[in-house]
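I sat down with this model to see how its parts fit together. My notes follow the order in which I looked things up.

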Amino acid sequence: MKSYDSIAVYYRKFYNVFFDRVSIIRFLKKIFYKFNISKKSKILDVGCGTGSLLRLLARMGFGHLYGVDRSSRMIKIAGCVLLSDNVKLYNEDFLKFDSKHRFDVILSTVDVLNHIDRKHLLKYLKKVKKLLSGDGIFIFDLNTQEYLERLAKRKKAVKRIKDMLLYWKFNKAGQKIIIHFSVIDRNRTVYDKIIQYIYREEEVEKLLEKSGFLIVEKVYDYKSSVKTSFCSKVCYVCKKI
Ligand SMILES: C[S@@+](CC[C@H](N)C(=O)[O-])C[C@H]1O[C@@H](n2cnc3c(N)ncnc32)[C@H](O)[C@@H]1O
């Protein structure tokens with residue numbers, strides 16, 4: 001079982017509470033306009049999860065959409081969610097993924113890169129570069145170091161959403177945080193262990209440079225160029241050098 005497999009059926013019920021899709025979509029619209037991304041552009045969502053972003057893009061009229069995720073259960077749900085849309089989905093680890101297509105946009109949103117360990121992050125970025133068309137753009141976010149360290153200090157958290165109770169325990173181990181996540185509903189409890197790697201912005205920026213990317217935009221929480229103590233995500237838009 002891969003991480004996210006056991007919580008996949010619940011993911012769609014709670015992601016809206018934690019992830020601000022409205023800000024992501026508003027930001028993407030602005031960036032797509034700025035970089036001439038058209039409805040005919042090929043878009044690959046890496047770590048597409050249950051397909052919610054791809055669905056919004058399909059509703060906006062984008063006709064060449066692709067998604068890849070290593071969790072078989074997340075991608076299975078994406079398949080159901082996107083049944084009526086013409087989206088090609090792959091259940092693969094992106095580090096092993098290849099394609100005959102070259103994409104105009106590659107997305108990795110909502111913490112996907114925090115799941116990639118230090119040994120593999122450069123390989124991940126080089127793969128993105130290889131799959132991107134000459135003028136293509138790579139848009140991704142990361143949970144900031146400060147945010148993950150705040151979580152680690154909290155040690156645990158509980159939230160009730162409708163008839164579900166979500167329970168997290170956070171353990172920091174070196175430069176990673178181990179999240180023990182349980183979802184308890186009326187009938188059962190499911191548990192998942194999720195590891196998020198803590199990256200400093202300078203570290204990621206060096207790796208971007210090393211893999212041949214130029215950062216063309218950097219914002220926090222898909223909204224602001226100003227970093228405050230409340231920010232949880234840093235978001236980058238990159239082009240090939
Ligand atoms: C927090 S979820 C985000 C899902 C989706 N992007 C969203 O916005 O809802 C992270 C996803 O990244 C996927 N993932 C993590 N590492 C991956 C890898 N190496 N290759 C493909 N998918 C990966 C996980 O399986 C999970 O579905």
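Below are my entries on the domains, the two sheets, a helix pair and the ligand shell.

**Ground rules.** I am working with a predicted model, in which local features need pLDDT of at least 70 and side-chain atom pairs count only at pLDDT 80 or more, while totals for chains, interfaces and linings use all residues. Residue numbers start from 1 along each chain as its sequence is written.

**Domains.** I looked up the division of the chain first and found domain 1 (8-143 + 199-240) and domain 2 (146-196); such bounds come from an automatic or database domain assignment. The centres of domain 1 and domain 2, taken over C-alpha atoms, are 23 Å apart. Where they touch, 10 residues of domain 1 contact nine residues of domain 2 (contact means that C-beta atoms, placed from the backbone, lie within 7 Å). On the domain 1 side, helix H1 (residues 8-18) gives the largest share, four residues. Helices (H or I, at least four residues) and strands (E, at least two) are DSSP runs, numbered from the N terminus. That same side of domain 1 has four nonpolar, four polar and two charged residues. For these classes, Ala, Val, Leu, Ile, Met, Phe, Trp, Tyr, Cys and Pro count as nonpolar, Asp, Glu, Lys and Arg as charged, and the others, Gly among them, as polar.

**Seven-strand sheet.** I traced an open, mixed sheet of seven strands in the order S3-S2-S1-S4-S5-S11-S10, where pairing requires at least two DSSP bridges between two strands. Its edge strands are S3 and S10 (213-220), each pairing on one side only. Neighbouring strands are turned by 15 degrees against each other on average, direction ignored. Angles here run from 0 to 180 degrees between N-to-C directions, and axes are lines fitted to C-alpha atoms, for helices over the stretch in contact.

I then checked individual pairs. S2 (residues 64-69) and S3 (residues 87-91) are parallel, with five bridges, and Leu65 has Val87 in S3 as its bridge partner. S5 (residues 132-143) and S11 (residues 233-240) are antiparallel, joined by seven bridges; Leu142 is partnered by Val234 in S11. Helix H7 (residues 201-210) packs on the sheet against S5, S10 and S11, and its direction makes about 155 degrees with that of S10.

**H1 against H4.** The axes of H1 and H4 come within 8 Å and cross at roughly 65 degrees. I found Ala8, Tyr11 and Arg12 of H1 meeting Arg73, Met74 and Ile77 of H4. By class, the residues of this contact are four nonpolar, no polar and two charged.

**Four-strand sheet.** The order is S6-S7-S8-S9, open and antiparallel. S6 (156-161) and S9 (189-197) are the edges with a single partner strand each, so one side of each has no neighbour in the sheet. The average turn between neighbouring strands is 20 degrees, direction ignored. S8 (residues 176-184) and S9 share nine bridges, and Phe181 has Asp192 in S9 as its bridge partner. Helix H6 (residues 145-154) lies across S6, S7 (164-173), S8 and S9, at about 105 degrees to S7.

**Ligand shell.** Which residues come nearest to the ligand? I noted Gly47, Gly49, Ser71, Phe94 and Val110, out of 21 around it (near means a C-beta atom, placed from the backbone, within 6 Å). Helix H3 (52-59) and S2 are the elements that give two or more residues to this shell. The shell has 11 nonpolar, six polar and four charged residues.

Key:
Two residues are in contact if their C-beta atoms, placed from the backbone, lie within 7 Å.
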